[in-house]
Every structure is written in structure tokens, then in C-alpha cells.
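User: I would like to go through this model by question and answer. Please reason briefly and finish each reply on the value or name asked for.

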Amino acid sequence: MKNSKVILPVLAILLCVSLSCTFLKGKFSKDPLLNVKIDVPANVPTFDPKAPLFSPGAEVVRRLAKIDPSLAVFAASIEANERSAINSAIAERQTARTTGGAKVSQMAEPSSPASGIPHFAFIRPELIKPLTAAVLMFQGGDASVFIFRDPALAGGLIGGLKNIWTESHTDPKMSTGGVKSRKVTTKDGVTTTFGGELTFREDGSSLFGMEVKTESVQNGVTLTSEMTGSVDGNECPNAEGQVQLTIKLRLAGESGGAQVAQDLTVFVRTTVNDNADTASTTMDITQGTRQVKNGRSMYVETGLTLNDDVNDPNHKPTMSNEREIRSSQNVHESMENLNEASELAGDGVNAAYKAALTVLYMARDKWQDGKCVQIVASSPGSVKVSSTTQIPVKVVHKFGGADVPSKLDALLAGEKSVDPTLIPKTAGTLTYVAPGEIGKSATIKLTATSKRGKATLELTANTGGGSYQIVGGLDDWQTNTSVCDIMKPFKLTSSILVVNFSGGMSGTYEYSGGPFNARGNGTYTISLPDGLGKPGTMTGSGPGEVTGDKVYKGSGTEKYTLTPIEPCS
């Protein structure tokens, strides 16, 4: 039976009073289970693309080893195997996205492509772009050494993988479907199963769930671990500037008589102000922690609400609605048990808080980095000297394309002028006045902010200098085309094909048609070492295919020279 009148020893009470400033609400709770100290992290985990992945199984081993230290030997092999399984799934997702959704393994160049068809580069493993920094992060150190891992990093792993899976979620082709992945890796007596699934909704929200389950056998001893987790909601603020996310995380494992399990759920409600900054955050946290040690099972489930000003570097969240939901009977049988249960509950609350905070910060990075809204405006490009160009500007949401009224700042670098420098609420029009000399250039940097997110865009203008003769290609694809302004969308033509380029110093291209039903897309980069209006080069690569007696897939890199020509229109 629970003892509702637990009396702490005098020394413990004095100690709690002396430390009361570190406890939320500035006072000592009568129930030790609810007397939670929130450890506010000095910094949310930074994401290093060179660091190895967080291993949920190794974290579970760490917890089990606190009960049975002999189990620590499982950590290294489990960590290596889980990283291999997760990285394999990431690489597959990267490849599938790069090739337009198909699951592609290594493809060889066709030995005899149809005559006259370009070999546009097809994806190969060595060409896969560096993986998103949001996931290749967490712990460093020698994987062979058993080191403490912060369980909150599990939340970062879920959020990071969700970012990779949803990188194209504003693409209409992806908005009505989902993505699944499953990988099984076995090595040195360790079997890991990784699964990830993403579902999109019509309102732009999404649900990403994942699991990592591992079984390891060493010297006749079996250890099992599992992590399941999900992030559900809208990471992009809605029209009222609201972000709502539900983060769920389960970490569990057992070996012999040692068992641990922690189930965490956090409902995050964040409001965003007109500057795209977080205005307020509320987190409703529930945690349930179970531990079996020396044949004794203990379970405690608690909940609370945190109000958190995440913009204040010295913030301390305030707590309310603290409650014990349920617990095993032995929790209240003695002060020793109660203190142990209190420690378990506090660990669960802090793990949930840090995991949710990491996911929220990753969402904030998205809405502040142009992943939710975008500026729609066209560069003046090549203009006549002393001319005036009107530039219509609006801001739209990337999912659905709805107008997003935003504050827009315009900053000019170069000559001559742009007006106004501030549009209080888009849509609007900027006026660019060109300088009175040929060969001058300018950049107009636009920054849009609203409660739905932040976006930037650079527009370019020049009085000549963007006109080039572009010559080159690859194999039978050869072009010799005059382009009036490389900073605007342009075409390269030949007798067999027309290729459309997005414009700018780097961007994308695509093509289709021709005598062999060629099609493909890719990216290009222009290099002008001495600046606009001076000679340079361009390279391009991307997946492509043609149809002859069968479908051929090409690979390679196109190379072009750029020679300045007189301004044209």
C-alpha cells in the first residue's frame, strides 16, 4: 500500500532546502517522485557530419551494465552493427532520392550506347552527396571503448533521420505518398533490424517512425535491445505560427535477470512570432521507467508540464501539473525504494525533455532556413545602363504554394540603387536602377520573415557581362550556343537535343526528347575565376537514359568553356 505521509529525515530535508534554487518552482515537493530537477543543456547537441551515429543498443547496454557490469562487453559490437544497418538505410534513401525515387544499386556505364546520345552522369555510390548533417552527428570517440552516451541523443537520431526521409516533402510528387525502409545486418553474433517509415498528410504534416532492434550472443549469453520512436506533426509553422509535435521514444533491453525499459512521450506546442523566432513553448511530458535488478522489479510512471522560453540562454523552464500516474507497489514500501524510484523518474523526465528539445531545435532550423517558405522573385539579369527594372516579389509556402504575407528586407551590394529597402508586408514590388556604365554588377539580397518561417534569396543584375558563348559537352552531345544571360534560365542546343538550365552560377538542368527519347536531369556549376564578364568553365552531371533497342543509362561529366560575347537580349 502506498504511504502518502512519507517523512524525510531531517538531514535530507535540510539538504533539499539548501539546494532548493536548483529545483523547479523554487520549493521542495512533498512527494519525492515529483521533485524533479530539470537539467537544462548548455547547448543542444551540435551536428557534426564527420561524427559516428548514435547507437540505441549501446545506450541500452550502458543502462543494463549499471545493473550487471559484465554486460558492458556487448557495447562495441552492438554499436558497430547498428551503425552499419542505419548507415545502409541512409545511403539507400539518399540514392533513391537522387535518382527520383527508384531504389538503385551500383550501375555500370552502358558499353554500347545509342549513337549521338550524351552520357549524363548516373548516380554511383561515390557520387552520393555528403549525408545530411542533422543525422551524422552525435557521439565521437572510439567505438571499441564503452563510453557514456546521453539518451537524449536518441531523439536527435529520430529527428535527423526524419529530416533525411522528408527532404523532398514539399515536392508535390512526395506529398501524397510515403517512404519505407528496412535493413537487416548480421555480423559477429549480432543481428540488427532497422526499419523506418514516413507518411505525408494533405495539410503538410508528416509522421516518421523508426525502430532499431538488436540481438547479440556472446559466450552463451544473449542480450536484446530495442528502440522505437516517432515524430508526428507539423515542423513548419501553420498560418497562426503554431508548431505541434508529438515525440515518442522507447528504449528497452534485457539480459539474464537484468531488464530496463523507458517509455517517453512529449507533446510540444510552440508559437512563432513575426520574426520567425520562437515565442513560447509548452511541453507535456509523460515517462514510464521499469527496472529489474537482482530479481526485484520496479516501475514508476509520472507526468508534468514544462513552459520553456527557448530563446533565453539563461532560461529555466517552469513546471506544473506534476503527477504520479502509477507505480509498482514496492515503490512506496521504503524510503530507499522511493529514492531509487525518484531517480528513475527524474532520469526519464530529463531524457524526454532533452530529446524533445533536440527535435524542436531541428524543426526551428528548418523553418528559419528556408525549408518552409520561399521568396518568389526574378533577377533583373543583364540590363541596359541607367535602366529601371520593376521586380515583383512575393513569399509563398513551400507546401501548397499559399501566399505568406511577410516582412521583406532588401539589401543592395553593388551599383546603383534598389527601392524600397523594406516591404512591411508582401506582396510588393522593388525598383532597381542600374548604373550608367557597362560591365557593372549588383546583388540584391532579400530576407523574408514571418510567423510561418524565414527565407532568403539573392537576385543579380549587371550591365553586360552575363552574355557568353558556351561550347562543349560530352561524347556525341556537343553544343555551341549563345546565351544572353547565364544568371537567368537558359537553353543549350544541338542537332539532337535541347537542355534546359535553371540559371545562375550553379543550379539544375533537365532534358527530354530527341531521336532516341532521351531524358534526364542533373546539376551544374559555373566557374568564373576573374568574375562575371570574364572567361570561365562549366561542368554538369546527373542521371540520364536513352531508348534504343533497349534502355541505356549513361554516366560521365559534361565540360564546357564560356567565352564572353557582346550583351544581347
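User: How many helices and strands does the secondary structure of the protein come to?
Analyst: The model is predicted, and local features are taken where pLDDT is at least 70. The protein has 569 residues, of which 49% are buried. Its secondary structure amounts to five helices and 28 strands.

User: What share of the contacts in the protein with a separation of 6 or more comes from residues 24 or more positions apart?
Analyst: The count starts from contacts with a separation of 6 or more. Within that set, residues 24 or more positions apart account for 59%.

User: What part of the accessible surface belongs to carbon and sulfur atoms?
Analyst: The accessible surface of the protein is about 26200 Å². The part of this surface that belongs to carbon and sulfur atoms is 51%.

User: Which helix gives the most residues to the largest nonpolar core?
Analyst: The largest nonpolar core has 86 residues, and W165, M283 and L446 have the most contacts inside it. Eleven of the core residues come from one helix, which gives the most: helix 5 (residues 335-367).

User: How many residues are in the second, separate core?
Analyst: In the largest core, L446 is one of the residues with the most contacts. L446 touches, among others, I375, V393, L408, L430 and L457, leaving aside residues up to four places away in sequence. I470, L492, I496 and L497 are included in a second, separate core, and its size is 23 residues.

User: Which two residues does the disulfide join, and where do they lie?
Analyst: The structure holds one disulfide, with an S to S distance of 2.0 Å. One cysteine lies in the loop between strand 4 and strand 5 and the other in the loop between helix 5 and strand 10 (373-376), so the pair ties together parts that are 136 residues apart in sequence. The two residues are C236 and C372.

User: Is the disulfide of C236 and C372 left-handed or right-handed?
Analyst: C236 is buried at 13% relative accessibility, and C372 is buried at 0%. The torsion about their S-S bond is about -85°, so the disulfide is left-handed.

User: Are E59 and R62, which meet in a salt bridge, buried or exposed?
Analyst: Both lie in helix 2 (residues 56-67), three residues apart, which is about one turn of the helix. Their side chains meet at 2.7 Å, N to O, and they belong to a network of salt bridges with R63. The relative accessible area is 0% for E59 and 10% for R62. Because the cut-off for buried is under 20%, both E59 and R62 are buried.

User: Which residue forms a salt bridge with R250?
Analyst: The structure holds 15 salt bridges. In this one the closest N and O atoms are 3.7 Å apart, and the pair links strand 5 (residues 242-255) to strand 4 (residues 221-234), 24 residues apart. R250 is partly exposed at 26% relative accessibility, as is its partner at 23%. That partner is E226.

User: What is the N to O distance in the salt bridge of E211 and K213?
Analyst: E211 is partly exposed, with a relative accessible area of 22%. K213 is also partly exposed, at 39%. The N to O distance between their side chains is 3.8 Å.

User: With which side chain does the side chain of E558 make a polar contact?
Analyst: E558 lies in strand 28 (residues 558-564) and is buried, with a relative accessible area of 1%. The polar contact is at 3.0 Å, and the partner is Y509.

User: What is omega for the cis peptide bond from T426 to A427?
Analyst: A cis peptide bond also joins E415 and K416, with omega about 5°; K416 is in the loop between strand 13 (407-414) and strand 14 (417-419). A427 lies in the loop between strand 15 (422-423) and strand 16 (428-433). For the bond from T426 to A427, omega is near 10°.

User: What is the phi of N294, which is not a glycine?
Analyst: N294 is exposed, with a relative accessible area of 73%, in the loop between strand 7 (278-293) and strand 8 (296-308). S386, in the loop between strand 11 (381-382) and strand 12 (388-397), has a positive phi near 60°. The phi of N294 is positive, at about 55°.

Notes:
Residues numbered from 1 in each chain as written. Predicted model: local features only at pLDDT ≥ 70, side-chain atom pairs only at ≥ 80, totals over all residues. Heavy atoms only, no water. Salt bridge = Lys/Arg side-chain N within 4 Å of Asp/Glu carboxyl O. Helix = DSSP H or I, 4+ residues; strand = E, 2+ residues; numbered from the N terminus. Buried < 20%, exposed > 50% of the residue type's maximum accessible area, 1.4 Å probe, protein only. Polar contact = N/O pair within 3.5 Å; in protein donor to acceptor, adjacent residues only side chain to side chain. Core = buried A, V, L, I, M, F, W, Y, C linked by side-chain atoms within 4.5 Å. Contact = heavy atoms within 4.5 Å. Disulfide = S-S within 2.5 Å. Areas by Shrake-Rupley, 256 points an atom, 1.4 Å probe, with all protein chains shown as cover.
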